[in-house]
Amino acid sequence: MPKKKTFFICQNCGYESRGWLGKCPGCSQWNTFTEEIQQPAGKKSRDAVLSDVKLVNINDVQIEKEDRYKTGIKEMDRVLGGGIVKGSLILVGGDPGIGKSTLILQICDKIKENPKIIYISGEESIKQIKIRADRLGVSNSNLLMVSETNFNIVQSLCEREKPNLLIVDSIQTMFNEELSAAPGSISQVRDITAGLMRIAKSMNIAIIIVGHVTKEGSIAGPRVLEHMVDTVLYFEGERHLSYRILRAVKNRFGSTNEIGIFEMKDVGLVEVDNPSKIMISGRPENVPGSVVVSSLEGTRPMLIEIQALVCPTSFGMPRRMATGVDYNRITLLMAVLEKRVGMQLHNFDAYVNVAGGLKIDEPACDLGIVTAIASSFRNVPVDINTVLIGEVGLTGEVRAVNQVDKRVMEAMRIGFKRCIVPLGNVEVIKNMKEVNNIDIVGVGNVQEALGIALQ
């Protein structure tokens, strides 16, 4: 009989140690090690394993035309790259109460082709799910529900019922009775995810698993969990706000960094068809520090309002705060303003915010951030019909950005009259036949851009 081995595993990052450690060498967190017993599997015959392996020539593989399930929700299909791929493993994460279970129930009701669905809940009873389903108007006769946390029973259930779509809510509540670790621990989450992946690939069952997130906003469990699945979706947004953003951070069957925007209402999550209009709605007119930029989220151009507030500091060291943008990027751009434009910002506090709760990280918004800070510092408003696009370098130059045609078309569709872009993109825009009723202004550096935007 193989001997049982005792390991101490960090519940934050999955680092393994033979002895208990106060501080994890992997993630530098304190008191995160728990003791777990690992029992090695018995030896198997090599011939028995190899007898089941068959090699297939890549040219002989046949792909079905209908290899995806359309969810019936356009925003969800956009994020997934066209629908749920058969035999894929999808991980959905987000803060508690943000709408993960609500969205999945809506998918169960609106999904096309009427596949056989099994909904396994480890957190709620069948009656509790029924109450939410009645509120959302879910009445799919192909939806079967069970409240279960034992993974061995779930595996047997899949072999018997052979569903087309399996939903596990949530992965942290499931446990494998062959492991001594507690449900939700690193060993349990990793083992059950590997088991679900085997079910998905061997039985061609599409599986959606819901995962809890840590206080840092990442999926609870080891990072290897995200590498095991095919698609990782994150729900973003504040609970007290009505808008939710579904972002794909990994997708083997579609574009990454694609987003879908929803609004939480009494009937559930409703798609937002015109996110640009929503993001800039309620924008004040002729107020310093307010600028509209054109950002690209995946393949979707969006107009976003960036707000900045610059005021004299009351302390010896000025304060910098950023919401929705990278703090280090704000510090860098303010250094460019001080060095290249001559703005003395070292005695001023600076606060930068992205309206609507969206998070942006692309460099094409640099020019808008710089203009918003300069507008608040000089107390000069930016024309309400102006959109700014461009990346700012350390020497103060405004660099060209990709897919500028989509950004300008979105600004023109919403009704903006002027677009300040890098000089390197002006030639591309002038060759576009669709561009009309909008003034394209090319700039080469930050000082030139501020002279046009703040006049």
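# Helices, sheets and a small cavity

On helix α4, the exposed residues Lys127 and Ile131 sit on the face turned away from the helix's buried side. Here exposed means over 50% relative accessible area, buried means under 20%, and partly exposed covers the range in between, using a 1.4 Å probe and protein chains only. The structure is a predicted model, in which local features need pLDDT of at least 70 and side-chain atom pairs count only at pLDDT 80 or more, while totals for chains, interfaces and linings use all residues. Residues are numbered from 1 along each chain as its sequence is written, and side-chain values use heavy atoms, with hydrogens and water left out.

## The whole protein

The protein contains 13 helices and 23 strands. Both are DSSP runs numbered from the N terminus: helices are H or I runs of at least four residues, and strands are E runs of at least two. The C-alpha atoms fill a box of roughly 80 × 55 × 50 Å along the principal axes. Of the 455 residues, 49% count as buried. Contact means heavy atoms within 4.5 Å. Among contacts between residues at least 6 apart in sequence, 66% join residues at least 24 apart.

## Helix α4

Helix α4 spans residues 126-136, and its buried residues are Ile129, Arg132, Ala133 and Leu136. These residues lie on the same side of α4 because they cover an arc of only 105° around the axis. The arc is that of the directions from the helix axis to the C-beta atoms. An α-helix has 3.6 residues a turn, so residues three or four places apart point the same way.

What do the buried residues of α4 pack against? They pack against helix α3 (100-110) and strands β7 (117-121), β8 (143-147) and β14 (268-271). Helix α4 lies across β7, β8 and β14, at about 145° to β8. Such angles run from 0 to 180 degrees between N-to-C directions, and the axes are lines fitted to C-alpha atoms, for helices over the stretch in contact. Just after α4, Gly137 has a positive phi of about 75°.

On the other face, Ile131 counts as exposed because its relative accessibility is 61%. The C-alpha atoms of Ile131 and Val336 are 56 Å apart, with their positions 205 residues apart along the chain.

## The sheets

Two strands pair if DSSP finds at least two bridges between them. An open sheet of nine strands runs in the order β8-β7-β9-β10-β6-β11-β12-β13-β14, with mixed pairing. Its edge strands, β8 and β14, each pair on one side only. Neighbouring strands of this sheet are turned by 25° against each other on average, direction ignored.

Seven strands form an open sheet in the order β17-β18-β16-β15-β19-β22-β23, and the pairing is mixed here too. The edge strands are β17 (320-323) and β23 (439-443), each with a partner on one side only. From one strand to the next, the twist averages 25°.

The table lists some antiparallel pairs from these sheets.

| Strand pair | Bridges | Facing residues |
|---|---|---|
| β12 (residues 243-251) and β13 | five bridges | Leu246 and Gly260 |
| β13 (residues 259-265) and β14 | four bridges | Lys265 and Gly268 |
| β16 (residues 300-312) and β18 (residues 348-354) | seven bridges | Pro312 and Phe348 |

Strands β13 and β14 form a hairpin with two residues between them.

Helices also lie across the seven-stranded sheet. Helix α9 (residues 327-341) crosses β17 and β18, running at about 125° to β17. Helix α13 (residues 446-453) lies across β19 (386-388), β22 (418-422) and β23, at about 145° to β23.

## Met302

Is Met302, in strand β16, buried or exposed? Met302 counts as buried because its relative accessibility is 0%. Leaving aside neighbours within four places in sequence, its contacts include Ile259, Ile261, Pro275, Met279, Val293 and Leu358. The C-alpha atoms of Met302 and Lys359 are separated by 12 Å, although the residues are 57 apart along the chain. In a regular strand the side chains alternate between the two faces of the sheet.

## Cavities

A cavity is a set of points, on a 1 Å grid over the protein atoms alone, where a 1.4 Å probe fits but cannot get out, and lining residues have an atom within 4 Å of a point. Grid points are joined across faces, edges and corners, and a volume is the space filled by probe spheres set on the points. By this rule there are two cavities of 30 Å³ or more. The second largest cavity has a volume of about 30 Å³. Among the residues lining this second largest cavity are Arg68, Leu80, Ile84, Thr231, Asn251 and Phe253.

Definitions and conventions: 1 Å grid on protein atoms, 1.4 Å probe; cavity = no way out; pocket = protein on both sides within 12 Å on 5 of 7 lines; lining within 4 Å.
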